[in-house]
Structures are given as structure tokens and as C-alpha cells.
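Work through the exercises below with the sequence and the 3D structure at hand. Try each task before reading its solution.

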Amino acid sequence: MEERDNIKEILSDLLANKEYLKIRELLSDMNEADVADVMGDMEDKMILRIFRILPKTMAAEVFADLELEAQQYIIQSLSDNEASAIIDNMMSDDAADLLEEMPANVVTRILANARPDTRKDINHLLRYPEDSAGSMMTVEYVDLQQHMTVEDALKKIKRIGLDSETVNICYVVDQQKVLVGTVALRYLIIHESDEVIGDFMNENVISINTMTDQEEAARMFQKYDFTAMPVTDAENRLVGIITIDDVVDILTEEATEDMEKMAAILPSDKTYLRSGVFDTYKKRMPWLLFLMVSATFTGMIITQYEQALSAYVILTAYIPMLMDTGGNAGSQVSVSIIRSLSLREVEFSDLFKALWKEVRVAFICGLTLAAANFVKLMLLDRVGATVALIVCSTLVLVILVAKLIGCLLPMVTYRIGFDPAVMASPLITTIVDAISLTVYFTIASNVLHLGG
């Protein structure tokens, strides 16, 4: 962080003094990702000025690593030819991701000036649904024929390798482009030059369908520990590959989205500092409003038992503790269940197993907390045994109900096809609060014979 700030300060000084050659020399010695990282903290106009100074050999790589908002600003600030040159030098999947978020008239303008092969590849990727494997794949890969010799294969790799996403794994296809095998570059190096690829290729190929959801594709990478996987259409024809760098982006995106939903925030594509005040307001306000209205039910419950509370004012003192404990217990379960559902560690068919487990956990947790609370109530608060028993018995039931709700709601939400992350902490806490008060006052009314 400190080094990045120092470089940013140096660049600002050099720009102010118009020492563009020194800027070019400084950035040329840096990794493209580091350059993008430094530029990411700058104002858009400064980013554009630095981008124009970059050597052409690294400009496209730096551009691909910039945030989407910076990419859009640069593209729309460049001339048609300059913008098309950037697109031509990007990997097709990165270019398609960028253009997908841009206005249609800008996309049309850029593609009109791009190379025909670039235009064809990008249009091919844009036709797939968003968040599908087809939309995130790249069409720059090395495909070989099974009748090729090792010598022929190496010649082809040398010819197209620099324009391919990876050459570590090559994909073997037949005359109809049907995927029939894979071969690692190291095997091509080891085998004799006159050996035929079909004799030693790996025929047990694991591939991803173009319509597979990107989360499922990421899970397949995790399961098989691959750095690249082929993508095939309905006829098993090879149409592209997905590499591990795309999977890392997916996992980051999905994790961020889940965290935002679990915090009752509508997901956003923009980074925190690049999101305007009004944009942030729009993302947070709907859930805040909904939760506020939902929380009025707890006030209605307290109002209903206001007369009973006036007779035993001491009961009021333990309302926050019961609500907080119940909310925390429900949140613990919901986070665990949501995470397990996203990783496919549990399915809806495991509902009763999960509920039975949470019943036992709730019973143990409830008794432990009730015992500790009973000692505290008797020794420190010095309340009567009756009030202590009411509070502690309520605590056991609240934890039981909270854990069951925290388990049930995300799994039911998942079963009906919605993202279980929406059933996370804030909403479950609101539901548990209302139930906690109802249980508390019901027990108190029956034990102390209070009027409701």
C-alpha cells in the first residue's frame, strides 16, 4: 500500500511537470497488474493521460486489469481507431465483458472498426446468457487434430501460441470440431517428433457446457484442480476454454454479491469508492425500509403486553438480551447453511438432517447459556427465582426457534429457486425478535398470571 502511494505521488509530480518520457520508463519496468493497481486510485482524467503514455505492447494488458468504470471512460475518450486497437489486442472474453456493459451505440462504433476476426469472436461470446460459461469463455486456444504428429503440433503452437490464452493444455478435436481428447505441452516435448497425438492423448476429457452457470463452472475447477477447462456446445463441439483467472474473478464477484445480500444491500458492480452517494443510497434503502417496517411488529407485541409489563417492570430489562441472543443464534446457523448451499455441501433433501442437528445444538447451547444466565440473575441482579426461571426458559426456547428458522428459511428459499443469501442475518434477526418477544411474554403471562 505504501509503495503504491509513493508511485502514485511520483506519477502525479511527473505529470504536473510534463515529464512523459520518465513516466513511460517508470511504468515499463512494472508489471501490468501493478500499473493498473496504481492507476485505479487516480481520477479518470489522470488515468487517461497515463494510459496514452503507456507503451503499446503493455497498454492492452494494463487496460484488461483496470476497473470497469475506468475502462469505459478510456474507451469512450479514445478515437474509434484507438479504441478498436485496444479491443483487438485484448483476449476475446475480456473484450466481450467490457462491451457487454457499454451503450449499444458505443459497441457498434467500436466493432465497426475492429478486425473481422475480433468482431466475430466478440459477437459469438455476446450471444450467450450473462453468467453462463459461454459468456465467460475465451475463443483463443490451441486445438490440434488427433492424426497430427508431435512435430506438426509444436509448429502450430509456435504459430498461434502467443495469441492463445494458454498453451499448457492443448485440445484435440476431430474434423467436426468434436472434442475427443487433451494433451499437455510437456507430453509433446517428451514424445518423439514423429509420434501421433492420437496415440498418447488423454481421452478422459472433462468439459463444461456453454449454458452451465458460472458458479457451477467455478465449482468444477475447484473439484478437479484444473487451470483451464474446455467449453463445448450441445453436440460436444469445442467452442472455447475457461482459465483459472476467469474463475478467480467469478469467485470474487459471487462472494461479494453474497456478502452484500447477507448485509441487506442490493448487489452493485461498482467498487465502494467509485459508487456515488445516491447509488449507495439506492442499494441500501429498500432493505432498510423493509426491515424498519418489519421491526414495527416487535413494537406492536410490546404494546400488547404493556399492561402486564407495568406489573413486572423487571421483565423489560431482559428484552434486549433475549432478542440479541436469538438474533445471533439465528445468524450463526443461516450463514453456515447459506455457505454450505453455495458450495453444494448440503441440498434441500438434507433439510431434516440439518434441522435435527440444529435441534441438538440449540438444546446444548440453550442449556449452557441458561445456566450461566441463571447464576448471573440470582447473584448479580438478585431477582426472584420465578423471574430467573422465566428468563432462562425463554432463552432456551428462543435459541431453539432461532436456530430452526436460521436453518429452514435459507433452505426453503434455495428450494424455490431464489438466492438463499437474501435470508441472511438482518431478515432472520427481525423474524426472531418478534418470536422471542411472543415466547417471552407468553411464558411470563402464564407463570405470573398477568393480563395480556
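Two exercises follow, each with a worked solution.

This is a predicted model, in which local features need pLDDT of at least 70 and side-chain atom pairs count only at pLDDT 80 or more, while totals for chains, interfaces and linings use all residues. Residues are numbered from 1 along each chain as its sequence is written, and side-chain values use heavy atoms, with hydrogens and water left out.

**Exercise 1.** Find which helix holds Ala64, and decide whether Ala64 is buried or exposed, or in between.

Solution.
1. Ala64 belongs to helix 5 (residues 56-65); helices are DSSP runs of H or I with at least four residues, numbered from the N terminus.
2. The relative accessibility of Ala64 is 29%, so Ala64 is partly exposed. Buried means under 20% relative accessible area, exposed over 50%, and partly exposed in between, with a 1.4 Å probe and protein chains only.
3. Leaving out residues up to four places away in sequence, Ala64 touches Gln71, Met90 and Asp94; contact means heavy atoms within 4.5 Å.

**Exercise 2.** Describe the surroundings of strand 5 (residues 228-232).

Solution.
1. Strands are DSSP runs of E with at least two residues. Five of the five residues of strand 5 are buried, so the strand is largely enclosed by the rest of the structure.
2. Ala228, Pro230 and Thr232 point one way, and Met229 and Val231 the other.
3. Strand 4 (residues 208-209) pairs with strand 5 in the parallel sense over two bridges; pairing requires at least two DSSP bridges between two strands. Here Ile208 is opposite Val231.
4. Strand 6 (residues 238-243) runs antiparallel to strand 5, joined by five bridges, with Met229 opposite Ile242.
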